[in-house]
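Good morning, and thank you for coming. I should like to take you through one structure today, beginning with its interior and ending with its charged pairs.

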Amino acid sequence: MKSNKKITAKTVSLTLCAAMACSCIGMLAYAAGEKSGESQLTAAVTQTVDTQKTSDTSKTASKDETVYVIAGADGSAKKIIVSDWIKNTAGSSSLDDSTELKDVTNVKGEQGYTMNGDNARIWDAAGGDIYYQGSIEKDLPVSLKVSYQLDGNPISAEDLAGKSGKVTIRFDYKNNQYETVKIDGKDEKIYVPFVMLTGMIVDNDNFRNVEVSNGKLINDGDHTVIAGIALPGMQDSLQLDKDTLTIPDYVEITADVTDFSLATTMTVASNEVFNNIDTSGLDQYDDLTDAMDDLTSAMKQLLDGSSQLYDGLSTLLSKSDTLITGIDRLATGAKELASGASQLESGAKDLNSGASQLADGLDTLSGNSATLNGGAKQVFDTLLSTADTQIAAAGLQADKLTVSNYQTVLNKVIASLDSDAVQKLAYNTALKQVTAAVNAKEPEIRTGVTAAVQSKVLEGVLAAAGQSMTAEQYQQAVEAGVVPEAMQQQVAAAVNAQMQTEAVQSQINQNVEAQKQKLIDQNMQSDEVTGKIQQAVASAKQGKAQLQNLLEQLNSYNTFYQGVLQYTGGVDTAAQGAAELESGSSKLSAGATTLSKGADALKSGIGELQTGADALVDGVSQLKDGSMQLSDGLKEFDESGVQKLVDAVDGDLNGIITRFKAMLDVSVDYRSFGGISEDMEGSVKFIYKTDEKTDEISKD
């Protein structure tokens, strides 16, 4: 028997490819993080495509966790933000939770919690779900390293910005999350099987001849969407020989670049795809191995039989007296040929069964296209909903965003934040507030103005009476007792009379208005008011920049969304091809059945030859030549057909199946990064976002 490695590698490869194609691609999510001069997290996606995971009905709640990793251009983590969604399946009034997160904030509700020991919380759920977010300082299960080369020489992302030449970008993933498992009496490291999906969008004006290892390119004429897949740690977990099969643990992108710039790259890490694989069917590979053993043995017998046929005919020609003995040996060979052909027929039927399963699997994959498209649309809707929330939180009025109208609505809001219009609005708002504050002080102002006018009237009355003195001097004289009481009364009466005149009251009103206007002008020119106006203009400018960035990010995801629709169309085409393959294997099985029947007929004919040996001698020379051709044809059939078939499915799968099952068990155990209670279901995915690099950013 030949090496077991090929069937082991091909079996695992087929299993992984089918599983990934069903679930992994639809999980790409969008997130954005810190940028100089901007707020921290501008958007987050907390839902992915439904992976059809079967829930444990005994659980009253489950936790869906998304870990956002804000990384530099080299892949190093700068900040980690964790969003948790506790699904209150049973509608409980309270939920027990465990998390290592700091600064925990309820982001979608008013429910609070009480601490119940280290990292333990009891949420006042009131029958609803809980959405919260927090930060954590903890080593990631998979670390990311991004390196760059220009014309074969290493270079940093900062230095690469604006350059031209042959550019290589490599994403290396290191799996740090494993469990020690006992396999065949030995302690073995089995890593959590994370699927890493890295994506980016490049401009075709700057990037040409784009290639990606372990991935797919989607080109719409203006842009190229690049998606690459890797499975770090799986090679070691399954202990596969790299000479037989290499499971990728990196993604490498090459292109001929002009004026290099790199937008944000996104990497999604998840082990959910492996949590849904049914392992009950893996043991059936033993039957396949046994069938291939039988096929190899049968083919050997068939070759031996053809050789014996030729030898027998040669002997028949040279020794006619031993004809009967030779015919007997020929009959024995014919029986072996019939037996081998029967086993070949059985193997061909098994092959047809496998082709049928492949077609069924691809039909299932094609059936998931609608779910994948719906999931991508759901992500888009979530992004738009998050943008609606941000716009409302900023106090801006805008129509609800949709896939078809978001560009028009955002451009309208951006236009409303013009600096001149905002400054005019801020000035008028401040003027209205200052005017209201001064009007509130009008009684106080009027009292002061009235007192000043009354002093002037008093001085006029005194002057008319021949008393040349100021109001202050008069008051001092009164207080000194030198002004007779009668004169005081006359003066007071004259002053009161003049104070009631229309001219004096008009003067008082004019002075009051003048004092109010003076105070308004002083307040409007104060540092406090001018500072608030300038602050409003600056805030509007910053908000305009944020909205422009949000519009660019939504445009980027829209491009990816259109790419997903193209991908699902390709999957449907592949399903049609698989159906044709199934049809071909069915014809092969029918041919093997025909061969088996022919071998039975040959055996029967040789039996008749035994009874008519005397009549056979004359034609035995021609039969000898034909048997030689038969032998050569069977050898060619063995080398070109049977042995290749055996090589494709041969081997002892027990060791690899044991490790594969262990890896799936380790995957199921890994349910959370930030923490989860023992009695709660959980799933976790990681979204890495790297900084963008352009020539303008590099110069800054």
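**Interior, turns and charged pairs**

Let us begin with a single residue: S683 is buried, with a relative accessible area of 13%. Please bear in mind throughout that this is a predicted model. S683 belongs to strand β21, which covers residues 681–690. Leaving out residues up to four places away in sequence, S683 touches K63, D64, E65, E272 and R671.

I turn now to the nonpolar interior. In soluble globular proteins, nonpolar side chains tend to be buried together. Here the largest nonpolar core has 72 residues, and the members that touch the most others are Y148, F171, F673, F686 and Y688. Which helix supplies the largest share of this core? It is helix α16, residues 654–669, with 7 residues. Apart from this core lies another one, of 31 residues, which includes L417, L547, L550 and V571.

F686 deserves a closer look. With its neighbours within four places in sequence set aside, F686 is in contact with V67, L140, P141, F194, T267, V268, A269, Y670 and F673.

Next, the backbone. Two residues other than glycine have a positive phi, and I shall take them in turn. N119 has a phi of about 65°. N119 sits in the loop between β7 (113–115) and β8 (120–123), and its relative accessible area of 34% makes N119 partly exposed. D184 has a phi near 50°. D184 is placed in the loop between β13 (178–183) and β14 (186–191). Is D184 buried or exposed? At 74% relative accessibility, D184 counts as exposed.

The strands on either side of N119 bring us to a sheet. This is an open sheet of 3 strands, with the order β5-β8-β7 and antiparallel pairing. Its edge strands are β5 (95–98) and β7, each of which pairs on one side only. On average, neighbouring strands of the sheet are turned by 30° against each other, direction ignored. Between β5 and β8, which run antiparallel, there are 4 bridges. Within this region, L95 stands opposite W123 in β8.

Finally, the charged pairs. Side chains of opposite charge can pair when their charged atoms come close. How many salt bridges does the structure hold? The total is 15.

One of them joins the side chains of D256 and K166, at 3.6 Å from N to O. D256 lies in strand β19 (residues 250–257) and K166 in strand β12 (residues 165–175), so this pair ties together parts that are 90 residues apart in sequence. D256 is partly exposed at 22% relative accessibility, and K166 is partly exposed at 37%.

A further salt bridge is formed by the side chains of E252 and R170, again with an N to O distance of 3.6 Å. E252 is in strand β19 and R170 in strand β12, so these residues link distant parts of the chain, 82 residues apart. E252 is partly exposed, with a relative accessible area of 27%, and R170 is partly exposed with a value of 27%.

K182 and D187 also meet through their side chains in a salt bridge, at 3.0 Å from N to O. K182 counts as exposed at 55% relative accessibility, and D187 counts as exposed at 54%.

To close, E442, R446, E513 and K516 are linked in a network of salt bridges.

Methods. Residues numbered from 1 in each chain as written. Predicted model: local features only at pLDDT ≥ 70, side-chain atom pairs only at ≥ 80, totals over all residues. Heavy atoms only, no water. Core = buried A, V, L, I, M, F, W, Y, C linked by side-chain atoms within 4.5 Å. Buried < 20%, exposed > 50% of the residue type's maximum accessible area, 1.4 Å probe, protein only. Helix = DSSP H or I, 4+ residues; strand = E, 2+ residues; numbered from the N terminus. Contact = heavy atoms within 4.5 Å. Pairing = 2+ DSSP bridges. Axes fitted to C-alpha atoms, helices over the stretch in contact; angles between N-to-C directions. Salt bridge = Lys/Arg side-chain N within 4 Å of Asp/Glu carboxyl O.
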